[in-house]
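The following exercises are to be worked through in order, with the sequence and the structure at hand. Each task is followed by a solution in steps.

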Amino acid sequence: MATLRGGLLGPDPGALSPAQLEQLRNFKIQTRIANEKYLRTHKEVELLLSGFFREMFLKRPDNILEFAADYFTDPRLPNRIHMQLIEDKKAA
């Protein structure tokens, strides 16, 4: 295994057999497909993320981590997402 800058260890090409590499590649593909299906069927995830980014870009907080913690723990957030889902269904 090669040592990279900072003492980190690099990839070891001989660590997995060709069959294991193929299994890993197939697993990654299936995981991406499953994640994509989940995101497409759960609009609330899109609303959570787009709402967070919108507020972050509008408010430009100095401490993003604190802002994110406050945003995602706001007790009003589930109701806001629920209301947006209802509005989106009415508009469709």
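**Exercise 1. State the accessible surface of the protein and the share of it that belongs to carbon and sulfur atoms.**

Step 1. The accessible surface comes to about 8,000 Å²; accessible areas come from the Shrake-Rupley method with a 1.4 Å probe, and for residues only the protein chains shown count as cover.

Step 2. Carbon and sulfur atoms hold 61% of this surface.

Step 3. Of the 92 residues in the protein, 12% are buried. Buried means under 20% relative accessible area, exposed means over 50%, and partly exposed lies in between (1.4 Å probe, protein chains only).

Step 4. The basis of these values should be noted: this is a predicted model, in which local features need pLDDT of at least 70, side-chain atom pairs count only at pLDDT 80 or more, and totals for chains, interfaces and linings use all residues. Residues are numbered from 1 along each chain as its sequence is written, and side-chain values use heavy atoms, with hydrogens and water left out.

**Exercise 2. Describe the secondary structure and the confidence of the prediction.**

Step 1. The protein has 4 helices and 0 strands, where helices (H or I, at least four residues) and strands (E, at least two) are DSSP runs, numbered from the N terminus. The order of the elements from the N terminus on is α-α-α-α.

Step 2. The average pLDDT, the predictor's confidence in each residue from 0 to 100, is 89 for the protein, and 89% of the residues score at least 70.

Step 3. Confidence is highest in helix H3 (residues 64-72), at a mean of 97, and lowest in helix H4 (residues 77-91), at 91.

**Exercise 3. Which residues make the nonpolar surface patch of about 350 Å²?**

Step 1. Leu-16, Leu-21, Leu-24 and Phe-27 make this patch. Patches are made of residues with over 30% relative accessible area and no salt bridge; like charges are joined within 9 Å, and nonpolar side chains (Val, Leu, Ile, Met, Phe, Trp, Tyr) within 5 Å.

Step 2. Phe-27 is placed in helix H1 (residues 18-41). Phe-27 counts as exposed because its relative accessibility is 55%.

**Exercise 4. Examine the salt bridges of the structure, beginning in helix H1.**

Step 1. The structure holds 7 salt bridges, a salt bridge being a side-chain nitrogen of Lys or Arg within 4 Å of a carboxyl oxygen of Asp or Glu.

Step 2. In one of them, the closest N and O atoms of Glu-22 and Arg-25 are 3.2 Å apart. These residues are separated by about one helical turn, because they are 3 residues apart in helix H1. Glu-22 is partly exposed at 36% relative accessibility, and Arg-25 is partly exposed at 44%.

Step 3. Another salt bridge joins Arg-76 and Asp-74, with 3.0 Å between the closest N and O atoms. Arg-76 counts as exposed at 56% relative accessibility, whereas Asp-74 counts as buried at 13%.

Step 4. Lys-43, Glu-46 and Asp-88 belong to one network, joined by salt bridges that share partners.

**Exercise 5. What is the sign of phi at Arg-60, and where does this residue lie?**

Step 1. Most residues other than glycine have a negative phi.

Step 2. Arg-60 has a positive phi, near 45 degrees.

Step 3. Arg-60 lies in the loop between helix H2 (43-59) and H3. With a relative accessibility of 63%, Arg-60 counts as exposed.
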